[in-house]
Amino acid sequence: MRALCLITIKPGTIDNVTELLLKKRKIAKEALPVTGRADICVLMNGPINDINITIMNFKKIGEIVATETLMEME
């Protein structure tokens, strides 16, 4: 399954958060700084349970304010 996680972060922390999102997270394939309502978009690919666990781990990063996950329809 593939998913996109839209992440809103605290101002001035984009480089640090982008690094943290990719470190030791095999489900997160890419972390892209974006414009719009989100600051970072993370592309993920793997079993739904692994995606859920990864998103829960994202929420432990102090600089992350909010997340929204878009799951691929099969």
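Visitor: Which residues touch the most other members of the largest nonpolar core?

Guide: In this predicted model, they are I7, L21, I40, V42, M44, F58 and I64. The core holds 17 residues.

Visitor: What makes L21 a contact of I7?

Guide: Contact means heavy atoms within 4.5 Å. L21 touches I7 in that sense. L21 also touches A28, A31, I40, V42, F58, I61 and I64, leaving aside residues up to four places away in sequence.

Visitor: Which elements supply at least two residues each to this core?

Guide: They are β1, α1, β2, β3 and α2 (48-58). β1 gives the most, with 4 residues.

Visitor: Why are β2 and β4 said to stand at the edges of the sheet?

Guide: The open sheet has 4 strands in the order β2-β3-β1-β4, paired antiparallel. β2 (28-33) and β4 (64-71) each have a single partner strand, so one side of each lacks a neighbour in the sheet. Neighbouring strands are turned by 20° against each other on average, direction ignored.

Visitor: How do you know that β1 and β4 pair?

Guide: Pairing needs at least two bridges. β1 (residues 2-9) and β4 have 7 bridges, in the antiparallel sense. In one of them, I7 has T67 of β4 as its partner.

Visitor: What packs on the sheet, touching β1, β2, β3 and β4?

Guide: Helix α1 (residues 14-22) does. Its direction makes about 170° with that of β2.

Visitor: Why is the pair E72 and R2 called a salt bridge?

Guide: The cut-off is 4 Å between a side-chain nitrogen of Lys or Arg and a carboxyl oxygen of Asp or Glu. The closest N and O atoms of E72 and R2 are 2.9 Å apart, so the pair qualifies. E72 sits in the segment after β4 and R2 in strand β1, 70 residues apart.

Visitor: How many salt bridges does a search of the whole structure find?

Guide: It finds 2. E68 and R37 form one of them, at 2.9 Å from N to O. E68 lies in strand β4 and R37 in the loop between β2 and β3, so this pair ties together parts 31 residues apart in sequence.

Visitor: Why is R37 called exposed, and why is E68 called partly exposed?

Guide: Exposed means over 50% relative accessible area, and buried means under 20%. R37 has 64%, so R37 counts as exposed. E68 has 34%, which falls in between, so E68 is partly exposed. E72, at 31%, is likewise partly exposed.

Technical notes
Residues numbered from 1 in each chain as written. Predicted model: local features only at pLDDT ≥ 70, side-chain atom pairs only at ≥ 80, totals over all residues. Heavy atoms only, no water. Axes fitted to C-alpha atoms, helices over the stretch in contact; angles between N-to-C directions. Buried < 20%, exposed > 50% of the residue type's maximum accessible area, 1.4 Å probe, protein only. Core = buried A, V, L, I, M, F, W, Y, C linked by side-chain atoms within 4.5 Å.
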